[in-house]
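Please open the model in a viewer and follow the selections below in order. Each stop names what to select and then what is found there.

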Amino acid sequence: MKQDEDCCTVMSPAVEHRNANVMMPALILMELDPSVVVAGERLGDIYIADEVSTHGKMRETCPVCTGRHLQLVLRQKEVRIAHLFCVQCTRCFDACLADGSSALNS
Ligand SMILES: [Zn+2]
């Protein structure tokens, strides 16, 4: 029994790592109007939306805020389309593939 456990422990990290690379081609960021993406309220320069949950940091960084990784926001109650979100400048981006199609909304 002990041999089986050792085998599984060695195999799984390598498989996950390879899948992550295949699933993440280079993406082109396209800025979206937050009022189109999220049902919320505009307060001066910023756009406020309640009850929006993010799903972790992306490899992509905000083109405006250098080095700030974007958060993935999937479709949910207040969110009309999946997008990438910068918590610093509150900009929303769509991620497009090289052929111009959206990587998040297909
Ligand atoms: Zn930003």
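Select strands β1 and β7: they run antiparallel and are joined by five bridges. This is a predicted model. Within this pair, display leucine 32, whose bridge partner in β7 is cysteine 92.

Keep cysteine 92 in view and add phenylalanine 85, for which cysteine 92 in β7 is likewise the bridge partner. Next, select strand β6 (residues 83–85) together with strand β7 (residues 92–96); two bridges pair them in the antiparallel sense. Here leucine 84 faces phenylalanine 93 of β7 as its opposite residue.

Move to the connection. How many residues lie between β6 and β7 in their hairpin? There are six, and threonine 90 in the turn has a positive phi of about 60 degrees.

Now widen the selection to the whole sheet. Its five strands follow the order β1-β7-β6-β5-β4, with antiparallel pairing, and the sheet is open. At the edges are β1 (28–32) and β4 (57–61), each of which pairs on one side only. From one strand to the next, the twist averages 45 degrees.

Finally, colour the model by pLDDT. The protein has a mean of 81, with 76% of its residues at 70 or more. Confidence is highest in strand β5 (residues 69–73), at 96, and lowest in helix α1 (residues 2–23), at a mean of 51. Select residues 11–16, where the pLDDT is below 50; this stretch has zero contacts in the model beyond near neighbours in sequence. Predicted coordinates should not be read in detail where pLDDT is low.

Technical notes: Residues numbered from 1 in each chain as written. Predicted model: local features only at pLDDT ≥ 70, side-chain atom pairs only at ≥ 80, totals over all residues. pLDDT = per-residue confidence, 0-100. Helix = DSSP H or I, 4+ residues; strand = E, 2+ residues; numbered from the N terminus. Contact = placed C-beta atoms within 7 Å. Pairing = 2+ DSSP bridges. Axes fitted to C-alpha atoms, helices over the stretch in contact; angles between N-to-C directions.
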